Amino acid sequence: MTKKILVVEDERAIREMIALFLSQQHYDVLEAEDFQSAVNKLKEHPKLILLDWMLPGRSGIQLIQHLKKQEETSQIPIIMLTARSAEDDCITCLNAGADDYVTKPFSPKVLLARIEAVWRRAYEHNQKFIQIDDLLLDENAERIFYQQQEINLSGTEFKLLHFFMHHPEKVYSREQLLNCIWKDDLEIEERTVDSYVRRLRRNLEPYQCERYIQTVRGSGYRFSNHFGD
């Protein structure tokens, strides 16, 4: 997993100091100076956020509230950075949804230790991967990679590939795939399965991975790394 951290801090000197230090520790660092620029940076999928409380315009607490309301960002770990050190301030941050709280001024080494502790809790103990040949599926992040290159898939395409990779070598009919992927959506028809399989193959084709999804004539589809049968 790419160790990508978003540093949200309006004081440029502090932000750049943190970014330089973390880059030296092999983190991929994104920078934002206020609420809106932080929201824009979310498109780059940070895995952890260092967040200053006092931002221009809308505060760090408001940004936490925004993140927690969005399904795709609600689970991103957050460490609050602030000069506010009162007990009530710490409680406010943690109750808002922050995972940790670091007061300024701080030692970079202490900050790094806090980051690594939060990272372990969030990812390393529960990290789930499925790998078949050079195709790697990250279940936690819902992302798929081929030789470390990310393959862009829609949510449904990811679910379909996730199912296939969890059940390799087994043939599934269109009806079975409908029941497993779309479950209770009665408006979905069997031909929808064919449509999504085509889309999935098309997205896998630049990586020569479309051949893993094989049509079994008269039966349905299977995921296999045995070719030419």
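Which residue in E11 does Gln214 stand opposite? The hairpin legend below gives the answer; the legends accompany close-up views of a predicted model.

**Figure 1. Overview of the predicted model.** The protein is a predicted model with 8 helices and 11 strands. Its C-alpha trace spans about 70 × 40 × 30 Å along the principal axes. Of its 229 residues, 43% count as buried. The accessible surface comes to about 13,000 Å², and carbon and sulfur atoms contribute 43% of that area. When contacts between residues at least 6 apart in sequence are considered, 55% of them join residues at least 24 apart. The side chains include 30 positive and 37 negative ones, and the centres of these two sets lie 2 Å apart.

**Figure 2. Hairpin formed by strands E10 and E11.** Strand E10 covers residues 213-216 and strand E11 covers residues 220-223; the two run antiparallel and are joined by 4 bridges. Within this pairing, Gln214 of the hairpin stands opposite Arg222 in E11. The hairpin has 3 residues between its strands. In the turn, Gly218 has a positive phi of about 80 degrees.

**Figure 3. Strand E4 and its enclosure.** Strand E4 comprises residues 78-82, and 5 of its 5 residues are buried, so the strand is largely enclosed by the rest of the structure. Ile78, Met80 and Thr82 point one way from E4, whereas Ile79 and Leu81 point the other way. Residues pointing in both directions are buried.

**Figure 4. Pairing of E4 with E3 and the crossover through H3.** Strand E3 (residues 48-52) runs parallel to E4, and 4 bridges join the two. Ile49 has Ile78 as its bridge partner in E4. The chain passes from E3 through helix H3 (residues 60-69) to E4, giving a β-α-β crossover that is right-handed.

**Figure 5. Pairing of E4 with E5 and the crossover through H4.** Strand E5 (residues 100-103) pairs with E4 in the parallel sense over 4 bridges. The bridge partner of Ile79 in E5 is Asp100. Between these strands the chain crosses from E4 through helix H4 (residues 87-96) to E5, and this β-α-β crossover is right-handed.

**Figure 6. Surroundings of Thr82.** Thr82 has its place in strand E4. Its relative accessible area is 1%, so Thr82 is buried, the limit for that class being under 20%. With neighbours within four places in sequence left aside, Thr82 is in contact with Asp52 and Trp53. The other residues in contact with Thr82 are Tyr101, Val102, Thr103 and Lys104.

**Figure 7. Cis peptide bond between Lys104 and Pro105.** The peptide bond that joins Lys104 and Pro105 is cis, with omega at about -5 degrees. Pro105 is found in the loop between E5 and helix H5 (108-124). Lys104 is also among the residues in contact with Thr82.

**Figure 8. Positive phi at Asp133 and Gln208.** Although Asp133 is not a glycine, this residue has a positive phi of about 55 degrees. Asp133 is found in the loop between strand E6 (129-132) and strand E7 (135-138). Its relative accessibility is 41%, so Asp133 counts as partly exposed, a class that lies between 20% and 50%. Gln208, which is likewise not a glycine, has a positive phi of about 60 degrees. The position of Gln208 is in the loop between helix H8 (190-204) and E10.

**Figure 9. Trp119 in helix H5.** Trp119 is found in helix H5. This tryptophan counts as buried, at 3% relative accessibility. Trp119 and Ser224 are 105 residues apart in sequence, and their C-alpha atoms are 34 Å apart in space.

**Figure 10. Met17 in helix H1.** Met17 has its place in helix H1 (residues 12-24). At 37% relative accessibility, Met17 counts as partly exposed. Met17 and Pro108 are 91 residues apart in sequence, and the separation in space is 9.1 Å from C-alpha to C-alpha.

Conventions:
Residues numbered from 1 in each chain as written. Heavy atoms only, no water. Buried < 20%, exposed > 50% of the residue type's maximum accessible area, 1.4 Å probe, protein only. Pairing = 2+ DSSP bridges. Right-handed = clockwise from strand over helix to strand, strands pointing away. Contact = heavy atoms within 4.5 Å. Areas by Shrake-Rupley, 256 points an atom, 1.4 Å probe, with all protein chains shown as cover. Lys, Arg positive; Asp, Glu negative; His and termini not counted. Charge placed at Lys NZ, Arg CZ, Asp CG, Glu CD.
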